[in-house]
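Trainee: Could we go through how the labels in this fold are earned?
Mentor: Sure, let's take them one by one.

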Amino acid sequence: MALQNVCDLHNPPLFPQWSAPLSRSFMPEDSTHLSGGGIHGEAFSTRLPGRGSLSPLEFYMPIAEYLTESPINFGQTSLSSAPTKLLEIDHLHPSLPSISLPPPTPFPVSPSVPLPFTLSHGTTTLGFAFQGGVIAAADTRSSCSGLVACPASPKVLPIHSHLVGTTSGTSADCALWKRILARELRLYQLRHRRRLSTGGAAKLLSHMLHPFKGTELCVAATLCGWDGDDEKHEQPITEKHANTPTNQMTASNSSGQSAASGASATCGPRVIYVCSDGLRLQGELFSVGSGSPYAYSILDSSVYWGMSVQEATEVAREAVYRATYRDAYSGNNVDLYHVTAKGWRRRERENLKEEYYREKERERRVIAY
Amino acid sequence: MMISARAYGDNGKMKEYHYTGPVEHKFSPYAFNGGTVLAVAGEDFALVASDTRLSEGYSIHSRDSPKCYKLTDTTVIGCSGFHGDCLTLTKIIEARLKMYKHSNNKSMTSGAIAAMLSTILYGKRFFPYYVYNIIGGLDEEGRGAVYSFDPVGSYQRDTYKAGGSASAMLQPLLDNQIGFKNMENVEQLPLTLEKAVQLVKDVFISAAERDVYTGDALKICIITKEGIREEIVPLRKD
């Protein structure tokens, strides 16, 4: 245990207990534990820090006590009081979605301790939905106050087979939070036997980021996904307002499944913008980053619902190219992902340097005549 | 003795030395100890090289403080930045490696170490380790792998990467010589071990010329399937 304290590990490894028979490790005070393979929604037992005795079927799930405490107080709790809170919350709110945070800081770092380095920022990313699915595109330059830290960083990250997310802001924050989101979505899928919708994933991400509002965390992600209807049972009606008019419903529904559920369509392409300030917006077209004004000018004039896949790819690529042309903090290559009902497909990464020379060549020829 | 006043500019270089009026000195928990680290991945080898100078402001603390740390038989990590955080971070990584070895009965692979380091660094997102890490090693298939990190845990796999005080000088040279960037009509031969070692030596000799925090000696760790070999090359001491 001393070693684990050094590493600040709050999660004792489960594997020493794999060989223990199931019945021996039941904790007497745990009334919410389900035997066998119960799946639907209920919180499983929490771990008791320092005890490490969990049977293989008790899924480890730290309870999100931040959902019950005021965000203003976040970070004021000391490490010693955190474990007792975990125990209380579990019995009061067994149905809380369980989300784990990165290990909590015992005190917030005040802004008077400036960091001696800057983190990666500056980008152009975009995502839009059309009749053939969703296109997500981004440049690949990762800059760090004037220096290009990485000319080939992936800014569009696949989260699961039908959802990709574009990342903008601090690259470490985006990479880690996407990873946490992917894990939570996978857990949801295992527990509920269906994929969480894009709106649900966006809400989840937004709630996970909420406690960090006011800190220097900076994540601005556009979740682009296709909500499917592969299960034949009734889908729950989504709570958010559907902004898309009805003609787009009929165009986007490949099967008649969601027509039966009435209200808003629950399948089709979705683009949702989530920001660490707490903003969560559904829409058809988003562009994020320092190069976004330039990208918007191309997208606003050329994107329409009925466009073909070929056209959409061209427009997305052109928008990123124009943004990299004018914005110093965007550049290098273009990454393009296309999400359909069958999943996401990645287009070959394209170096924009070639495009720049091709354009110069075209201009030269035009002037010559 | 660590001088931790804020008389230092953001990247550790001293600010102008004329009196401009009353200056408030705040305690800063960070210091910048200089040093450059470089890693190159080849078809079946990986190199991690660092200089051995430990400096602070205008002083040199030590001429024999290499920044490469051996983690497993196939992985070496190079850490530059604040030496205190480098030492603690490597202690934590080594402890986690031991725990993994005892629980899983095998050593961690380079990719696994990289992923673990990312979460260790992000765990201190709001009071980061001021360390620029580069991991060099062999992946499960025996090919060379380089993983470069920023101080809060963002990482990716590269073919080559320079980090530390002279990184801005070395990285463009590596882009050109190893990545063949911005060269037209050039035959792109795969990098051999001998050529890579020679390139690393040349590159550090150049860095020592122009960067005050780099110099004294160069230590290269060469990782192949036979094991890890070390070479020490002297550099400018001024």
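Mentor: Start with pairing: two strands pair if DSSP finds at least two bridges between them. Keep in mind that this is a predicted model.

Trainee: What makes strand 7 and strand 8 of chain A a pair?
Mentor: Strand 7 (residues 220-227) and strand 8 (residues 268-275) of chain A share eight bridges, in the antiparallel sense, and the cut-off is at least two. So they count as paired. For one spot along them, look at A:A221, which stands opposite A:V274 in strand 8 of chain A.

Trainee: Why are strand 5 and strand 9 of chain A said to stand at the edges?
Mentor: The open sheet has five strands in the order 5-6-7-8-9 (chain A), with antiparallel pairing. Strand 5 (156-160) and strand 9 (280-283) of chain A each have a single partner strand, so one side of each lacks a neighbour in the sheet. From one strand to the next, the twist averages 25°.

Trainee: Why are helix 3 and helix 4 of chain A called oblique to each other?
Mentor: The axes of helix 3 (residues 171-192) and helix 4 (residues 198-209) of chain A cross at roughly 125° and come within 10 Å. Roughly perpendicular covers 65 to 115 degrees and roughly antiparallel is over 145. The angle fits neither, and therefore the helices are oblique. Their crossing is right-handed.

Trainee: Which residues make that contact?
Mentor: On helix 3 of chain A they include A:W177 and A:E184, and on helix 4 of chain A they include A:L204 and A:M208. The contact residues divide into nine nonpolar, no polar and one charged.

Key:
Residues are numbered from 1 along each chain as its sequence is written. Chains are lettered from A and ligands numbered from 1 in the order in which they are written. This is a predicted model: local features need pLDDT of at least 70, side-chain atom pairs count only at pLDDT 80 or more; totals for chains, interfaces and linings use all residues. Side-chain values use heavy atoms; hydrogens and water are left out. Axes are lines fitted to C-alpha atoms, for helices over the stretch in contact, and angles run from 0 to 180 degrees between N-to-C directions. Helices (H or I, at least four residues) and strands (E, at least two) are DSSP runs, numbered from the N terminus. Angles under 35 degrees count as roughly parallel, over 145 as roughly antiparallel, 65 to 115 as roughly perpendicular and the rest as oblique. A crossing is left-handed if the near helix is turned anticlockwise from the far one by less than a right angle, and right-handed if clockwise. Contact means heavy atoms within 4.5 Å. Ala, Val, Leu, Ile, Met, Phe, Trp, Tyr, Cys and Pro count as nonpolar, Asp, Glu, Lys and Arg as charged, and the others, Gly among them, as polar.
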